[in-house]
Amino acid sequence: MQKATDTLLVNTFIDGVLDPQKEMLGPVRDGGHIIANTAPGCWGPMITPCIRGGHEVTKPVYVEGAEPGDAIVVKIHSIRVTSLATASGNDAPVEGRFLGDPFVAVKCPGCGTMYPDTVIKGIGQEAIRCANCDADVTPFVFTNGYTIGFSEHGDVGVTVSKEAAETIAHDGRHYMQTPENSVQNPIVTFAPHDLVGVVARMRPFLGQLGTTPSRPMPDSHNAGDFGSFLVGAPHDYKVTEDELKEHRTDGHMDISRVRAGATLICPVKVPGGGIYLGDMHAMQGDGEIAGHTADVSGIVHLQVHVIKNANLDGPILLPNEEDLPYTAKPFTEQERKNAEAIAKQWNIEKLEESLPISIVGSGSNLNLATENGLERAAELFGVTVPEIMNRTTITGSIEIGRHPGVVTITFLAPIEYLKKAGLFDAVSTHYRY
């Protein structure tokens, strides 16, 4: 293997499948930096049948020293949107144009070609044509959609009119600023315009950030909710429930708190970890309830660090302090003094010292995702699920990452628990404890 580099520039992408057998980029050294020019996720790849995973994430990066059972701490230094405009909205699959899953296995309704190459002819929802037989081949259409232009200041976006959407549609790659190595069809080609004049605040984040699963898996399905579509599927990427649980790394989270300033601690299931990223969004509230939000291109700066023998089942998020629920924020000096007064009154010898932590859980629905997150937290700290439930109730919160099945279990974790799990240094550094 070549010598590890301090800084790795990434501008190449996978075909939608995260495959641990394929060569990774890098290596980058432990403590090194990854700077990536990311491609839009969701809608563009969804209307590009040769992309087999519903997203177009970066090629994974090998991190020096990372072995299965370790964890990789990923500090998000910066995220900058480069797209000038994008389009999005709620989707509906088109029957007869896929084999079991329209995100993964598109089949041309004309010639029957699987994963066909396409060409763009004109604009609108019938513009994506099979390169072999010229059939309308898009597996998804909008039920309600919009085109949105962004301020040069990066603070707001505004949904535009039919005329403006069509202008943008005719020069899609320019307005979306898709990277040169991206093969996706720009979703602005569809020119949706159901919402006009809506103002939305921008706060970009990464919908995809994580490590490579230990078996080939479509990128958008690397989580317990979308991954459940693979169980018993009729295409090449079918898995059993046990295989999904064993191999997934929950890199597709769509948690809006995975933004600049946050830290993500990722499980390592293959040598080198295979850090990948993409699916940047310009804005989103909790839940991504429409199924999609404003997919954009952008520049991301990450820094990585290896924790040995962490044995995580899924990711751990350390949000910015301002993104924490009120009950999970670190205590102020005055709050500690008040707590000490109560302790003295009731003869409590020692107050617990704690720091915030968010355990990611995923499943086919929000209840199962919550159960998964609670179980991961209990296993991580060697305690019972009821204890985690109590701590989350009075010192934290359950927050929706993505509907239907990604959540965070956020609570104040005792410092002694963090030290035992080997996470104290990462958590204390993040929160400057």
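**Surface patch and pockets**

Trainee: Where is Ile342 found?

Mentor: In this predicted model, Ile342 belongs to helix α5, which covers residues 333-345.

Trainee: Which residues make a nonpolar surface patch with Ile342?

Mentor: Trp346 and Ile348 make the patch together with Ile342, and its area is about 360 Å².

Trainee: Turning to pockets, what is the volume of the largest pocket?

Mentor: The volume of the largest pocket is about 430 Å³. Its lining consists of 20 residues, of which Lys75, Thr263, Ala426, Thr429 and His430 are the closest to the centre.

Trainee: And which elements give two or more residues to that lining?

Mentor: Two strands and a helix do so: β5 (71-81), β16 (298-307) and α9 (424-430).

Trainee: How do the residues of that lining divide into nonpolar, polar and charged?

Mentor: In the largest pocket, 10 lining residues are polar, six are nonpolar and four are charged.

Trainee: What about the second largest pocket: what volume does it have?

Mentor: The second largest pocket has a volume of about 370 Å³. Among the 15 residues lining the second largest pocket, Glu241, Lys245, Arg248, Ser362 and Gly363 are the closest to its centre.

Trainee: Which helices each supply at least two residues of its lining?

Mentor: Helices α4 (241-247) and α6 (366-381) each do so for the second largest pocket.

Trainee: How many residues of the lining of the second largest pocket are charged?

Mentor: Six are charged, six are polar and three are nonpolar.

Key: Residues are numbered from 1 along each chain as its sequence is written. This is a predicted model: local features need pLDDT of at least 70, side-chain atom pairs count only at pLDDT 80 or more; totals for chains, interfaces and linings use all residues. Side-chain values use heavy atoms; hydrogens and water are left out. On a 1 Å grid over the protein atoms alone, a cavity is a set of points where a 1.4 Å probe fits but cannot get out, and a pocket is an open set with protein on both sides within 12 Å along at least five of seven lines; lining residues have an atom within 4 Å of a point. Grid points are joined across faces, edges and corners, and a volume is the space filled by probe spheres set on the points. Helices (H or I, at least four residues) and strands (E, at least two) are DSSP runs, numbered from the N terminus. Ala, Val, Leu, Ile, Met, Phe, Trp, Tyr, Cys and Pro count as nonpolar, Asp, Glu, Lys and Arg as charged, and the others, Gly among them, as polar. Patches are made of residues with over 30% relative accessible area and no salt bridge: like charges are joined within 9 Å, nonpolar side chains (Val, Leu, Ile, Met, Phe, Trp, Tyr) within 5 Å. Accessible areas come from the Shrake-Rupley method with a 1.4 Å probe; for residues, only the protein chains shown count as cover. A salt bridge is a side-chain nitrogen of Lys or Arg within 4 Å of a carboxyl oxygen of Asp or Glu.
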